[in-house]
Amino acid sequence: MCGILFALSTRRLDGNDAFAKEEMDGWKDVLYARGPDEQGAVRRCTDAHELCFWTTVLQLRGENNVCVPLESEAGSLMAFNGQIFDGIDVESDENDAERLLQELEKTESEQVPRLLSKLRGPWSLVYWNKENNVVWIARDLLGRRSLLIHRPDEQDPRLICTSVMPRHGNGNCTPASPTRSYWEELPTGIYRCDIDSSNMEQFRADPLVRLPWASEELERLESWRRTDDEGSHPPPALDGQDEGARPYMEALLQRLRTAVRHRVSCVRPRQHWLDPQANDGTLPPSEVAIMFSGGVDSALLAFLAHEAIAPHAPIDLLNVCFADGESPDRRSAEEALVELMSVAPSREWRLFEIDSSLSEVDRNRTRLMQLLAPSNTHMDLNIGAALWIAAGGRGRVCIGKDGQLTFREETHVSVARVLLVGHGIDEQCAGYGRHRTRFRNGGWTGLEDELRLDMARLWKRNLGRDDRVLSDRGKEARHPYLDESVVQQLLDTPLWMVADLRHPPGVGDKCLLRWCAHHVGLVRCSTRTKRAIQFGTCLAKQSNARAYGSNRAANLAKAGSSSVSHVDAV
């Protein structure tokens with residue numbers, strides 16, 4: 001994982017450096033938080049342009065430390081943020097970003113989209129090919145890694161890309177224009193910018209040209225087309241043990257096993273990164289943690305991580321609560337811990353009970369709003385705060401192993417750098433209440449349309465925002481449910497097997513995933529109903545009561561979509 005900052009300025013027109021020192025100061029701490037292992041900055045000048053790359057690294061791949069930004073022997077530069085799990089050959093002791101730069105340097109410009117379309121995993125990048133004087137900016141199809149962009153305008157003619165907004169708003173940048181925000185989430189895709197000194201006006205207008213993915217698989221995922229349209233004529237509701245459902249359940253479970261294995265095996269050995277001061281020594285450090293509510297999504301990820309990780313390694317389960325330890329998610333997490341102990345008794349499970357409060361959110365509000373931007377609703381703040389505090393991993397620990405539960409009252413900190421999260425499964429498998437409303441009003445076709453809409457906007461509504469929040473803790477979020485092969489498998493499954501909303505909550509929503517959990521022995525977890533993190537942790541209840549007087553009043557005021565500035569004025 002990395003922090004990326006890139007700027008391209010037209011020196012001939014502007015007469016300024018890409019960044020002034022005081023602007024760079026605004027980015028230092030937020031980029032360093034994302035990548036505490038290494039940082040570096042490089043400036044290059046062409047006849048008419050200046051390019052500035054500044055990159056920080058949380059290194060999770062490769063035997064040797066990398067210097068950033070990456071530079072080829074020919075002088076090309078690349079800033080890369082993410083993980084490559086497939087698409088190019090990467091040996092276990094190699095760094096995936098270095099291997100990608102090697103491949104890019106061997107690739108003709110016209111074939112760069114084809115190479116990038118082969119990559120599987122979460123990633124974003126900025127790559128300048130020195131020989132051709134072309135800048136490539138790209139973000140994976142699903143948008144699992146944040147990349148914000150400022151496009152040149154009259155107030156600020158620079159092209160700027162960054163993983164996260166600087167501390168003091170836009171730095172020294174001109175405030176947002178009346179028609180659009182200064183920063184926007186870069187839509188997923190591949191963009192080409194030809195640095196042509198003969199066409200300055202085109203640079204000012206919009207220097208980026210978006211190119212299509214050069215992959216039939218990605219084109220299908222982008223359009224989110226289901227293979228089997230029998231959802232319009234489903235059979236009678238199925239039970240999880242039905243022989244017709246079993247092949248789909250087994251196929252999904254196999255894809256999930258592979259996705260989790262990729263995400264927990266690509267972790268640099270801890271001796272390369274562990275700070276002796278980060279832990280008091282009473283708990284052996286874990287390399288992998290799971291954002292853990294105790295629901296079916298996180299419990300299944302925990303079990304699959306258990307199957308993939310060495311038997312002696314502990315697994316951290318991070319659970320946050322804003323109600324003095326009495327939230328619904330805390331209760332379900334404790335129950336799920338017991339069930340995990342029953343199916344994997346020899347594993348050391350460590351439930352971190354992270355207790356927080358609305359006052360802690362208030363103390364960190366400025367930082368949180370900076371990380372969330374350009375997202376800025378009341379719901380964004382509640383979700384972002386819950387994720388940010390949970391990812392900090394500071395709490396009391398309940399250890400489960402060999403049928404015994406041990407409680408540590410003293411505070412410990414999870415130092416795991418890889419964080420498995422359940423993002424994307426509700427959008428694919430009808431986990432939200434609005435999906436039932438759409439199914440009730442529009443049937444199977446209406447439900448399919450709603451799921452397609454959710455997947456199409458996931459990069460903008462969720463993934464970029466949550467990447468900025470979680471990465472600020474020096475953690476890398478990895479999303480097994482958004483592995484390309486998992487998404488493909490769900491599209492290869494009839495909708496009525498993925499989600500059958502003729503059944504009640506806890507049964508019909510995400511029914512295929514529930515069958516998977518039941519199959520591996522997580523019987524109680526497989527029936528738990530969906531609670532969004534802001535509700536399961538009780539943060540929304542408290543913030544709504546303060547801002548609106550009650551949850552009911554907040555719902556009537558549509559608090560979730562209200563901007564934070566509007567909520568403050570209520």
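I began by fixing my terms: a residue is buried under 20% relative accessible area, exposed over 50%, and partly exposed in between. I also noted that this is a predicted model.

**Entry: a pair within one helix.** I looked up K28, which at 42% relative accessibility falls in between those cut-offs and so counts as partly exposed. Its side chain meets that of D25 in a salt bridge, with 3.4 Å from N to O. Both residues lie in helix α2 (residues 21–34), three residues apart, or about one turn of the helix, and D25 is partly exposed as well, with a relative accessible area of 33%.

**Entry: pairs between strands and loops.** I then turned to E476 and R145, whose side chains meet in a salt bridge of 3.8 Å, N to O. This pair links distant parts of the chain, since E476 is in strand β19 (residues 476–478) and R145 in the loop between β7 (134–139) and β8, 331 residues apart. I found both E476 and R145 buried, and I saw that they belong to a network of salt bridges with R34, D467 and R478.

For E353 and R396 I noted a salt bridge of 3.4 Å, N to O. E353 lies in strand β15 (residues 349–355) and R396 in strand β16 (residues 394–401), so the pair ties together parts 43 residues apart in sequence. E353 is buried, with a relative accessible area of 6%, whereas R396, at 26%, counts as partly exposed.

**Entry: the sheet.** I traced an open sheet of six strands in the order β2-β3-β1-β9-β8-β10, with antiparallel pairing. Its edge strands are β2 (38–45) and β10 (184–185), each pairing on one side only.

Terms used. Residues are numbered from 1 along each chain as its sequence is written. This is a predicted model: local features need pLDDT of at least 70, side-chain atom pairs count only at pLDDT 80 or more; totals for chains, interfaces and linings use all residues. Side-chain values use heavy atoms; hydrogens and water are left out. Two strands pair if DSSP finds at least two bridges between them. Helices (H or I, at least four residues) and strands (E, at least two) are DSSP runs, numbered from the N terminus. A salt bridge is a side-chain nitrogen of Lys or Arg within 4 Å of a carboxyl oxygen of Asp or Glu. Buried means under 20% relative accessible area, exposed over 50%, partly exposed in between (1.4 Å probe, protein chains only).
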